[in-house]
2 protein chains.
Amino acid sequence: MMNAKKFPDGSIDGLHNTVLDSGQLGNRVRDKRRKDGLTQQDLAAVAGVGVRFVSELENGKPTVQLNAVLAVLAALGLQLVVVEK
Amino acid sequence: MMNAKKFPDGSIDGLHNTVLDSGQLGNRVRDKRRKDGLTQQDLAAVAGVGVRFVSELENGKPTVQLNAVLAVLAALGLQLVVVEK
DNA sequence: ACAAAAAATTACCGTAAGGGAATAATCGAC
DNA sequence: GTCGATTATTCCCTTACGGTAATTTTTTGT
């Protein structure tokens, strides 16, 4: 055991980031979107959600709905994984 | 790169499971809850959500809210990780 | 630094849906 | 059958979401 958090950024292997709260998820989304050179509008269009939702998601809104979150992540080529703490 | 998906089940280290949709998340939650010997009521109380929410979450309701999901996962000692697909 | 352009955030509205609580119905084990 | 757990249903209140437009922030060029 003891496989998690070996890296300073909290990631498991430098490519993955734990998501303990919506704020961290938002940061992760924003980073990836920018890395991909997309605007919030672009991402919203691809993911099939509203622009405002992308903005709120990136800003860590806690009450975003799971399906919309998954849609955005998928549009960015990201996935969620459940891990034991 | 090439650090992800070393295991057949898509997990990072054989202990983790990817969550592509809410249905899989629900299964993960139910499995863990039962393994811990908790009722939905117990889990709901610990997580600070309603019993109905736990039921719906376990049944894969797509539109559950993220904060409530995270609360339930935390109560089960589980975490979410964002990974590149 | 300044101005212009682009991007992001915020407000408003209407629709649709989530969540809690309580109840009732269903399923399971003993 | 009985007891406990799980799921489904109903009522009510709150709120997320999309769309548009307005505002603010950030970026870019000169």
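Visitor: Which atom of B:Arg30 lies 2.3 Å from a phosphate oxygen of DNA strand D?

Guide: This is a predicted model, and in it a polar side-chain atom of B:Arg30 lies at that distance from the phosphate oxygen of DNA strand D. A side-chain atom of another residue takes part as well, since a polar side-chain atom of A:Lys61 lies 3.4 Å from a phosphate oxygen of this strand D. With A:Gln65 the backbone is involved, for one of its backbone N or O atoms lies 2.8 Å from a phosphate oxygen of DNA strand D. The elements that contribute two or more residues to the surface near strand D are α3 (51–58) of chain A, along with α1 (22–35) and α3 of chain B.

Visitor: How many residues surround DNA strand D, and which are the closest?

Guide: There are 18 residues around DNA strand D, and the closest are A:Arg52, A:Thr63, A:Gln65, B:Arg30 and B:Gln40. Sorted by class, the surface near strand D has four nonpolar, eight polar and six charged residues. One can also look from the side of the DNA: among the atoms of strand D within 4 Å of the protein, 65% belong to sugar or phosphate, and the rest belong to bases.

Visitor: Which residues are the closest to DNA strand C?

Guide: DNA strand C is surrounded by 17 residues, of which the closest are A:Arg30, A:Arg33, A:Gln40, B:Arg52 and B:Thr63. Sugar and phosphate make up 66% of the atoms of strand C that come within 4 Å of the protein. Three side chains of chain A can be followed to phosphate oxygens of strand C: an N or O atom of the A:Arg30 side chain is 2.6 Å from one, the side chain of A:Arg33 has such an atom at 2.7 Å, and the side chain of A:Ser55 has one at 2.8 Å. The elements giving two or more residues to this surface are α1 (22–35) and α3 of chain A, together with α3 of chain B. The most comes from α3(B), with three residues, and by class the surface near strand C divides into three nonpolar, eight polar and six charged residues.

Visitor: Where is B:Thr63 placed, and is B:Thr63 buried or partly exposed?

Guide: B:Thr63 sits in the loop between α3 (51–58) and α4 (66–75) of chain B. B:Thr63 is described as partly exposed because its relative accessible area is 30%. Leaving aside neighbours within four places in sequence, B:Thr63 is in contact with A:Gln65, A:Leu66 and A:Asn67. Within chain B, the C-alpha atoms of B:Thr63 and B:Ser22 are separated by 8.5 Å, although their places lie 41 residues apart along the chain.

Visitor: Is B:Glu58 buried or exposed?

Guide: B:Glu58 belongs to helix α3 of chain B, and B:Glu58 counts as buried because its relative accessibility is 2%. Apart from neighbours within four places in sequence, B:Glu58 is in contact with B:Gly26, B:Asn27, B:Val29, B:Arg30, B:Arg33 and B:Gln40.

Visitor: How does one read a helix, taking α1(A) as the case, and which of its residues are buried?

Guide: The general idea is that an α-helix has 3.6 residues a turn, so residues three or four places apart point the same way. In α1(A), the buried residues are A:Ser22, A:Leu25, A:Gly26, A:Arg28, A:Val29, A:Arg30, A:Lys32 and A:Arg33. The helix α1(A) has 14 residues and reaches 20 Å from its first C-alpha to its last, close to the 20 Å expected at 1.5 Å a residue. At the start of α1(A), a side-chain oxygen of A:Asp21 comes to within 2.8 Å of the backbone nitrogen of A:Gly23, and after the helix follows A:Gly37, whose phi is positive, near 70°.

Visitor: Why is strand β2 of chain A largely enclosed by the rest of the structure?

Guide: The strand β2 (residues 78–84) of chain A is largely enclosed because six of its seven residues are buried. Seven bridges join β2(A) to strand β2 (residues 78–84) of chain B, and the two run antiparallel. One such pairing is that of A:Glu84, whose bridge partner in β2(B) is B:Leu78.

Visitor: How many helices and strands does chain A have?

Guide: Chain A has four helices and two strands, and from the N terminus on its elements run β-α-α-α-α-β. Of the 85 residues of chain A, 46% count as buried.

Definitions and conventions: Residues numbered from 1 in each chain as written. Chains lettered and ligands numbered in written order. Predicted model: local features only at pLDDT ≥ 70, side-chain atom pairs only at ≥ 80, totals over all residues. Heavy atoms only, no water. Buried < 20%, exposed > 50% of the residue type's maximum accessible area, 1.4 Å probe, protein only. Contact = heavy atoms within 4.5 Å. Near = heavy atom within 4 Å. Polar contact = N/O pair within 3.5 Å; in protein donor to acceptor, adjacent residues only side chain to side chain. Nonpolar A, V, L, I, M, F, W, Y, C, P; charged D, E, K, R; others polar. Pairing = 2+ DSSP bridges. Expected span 1.5 Å × (residues − 1).
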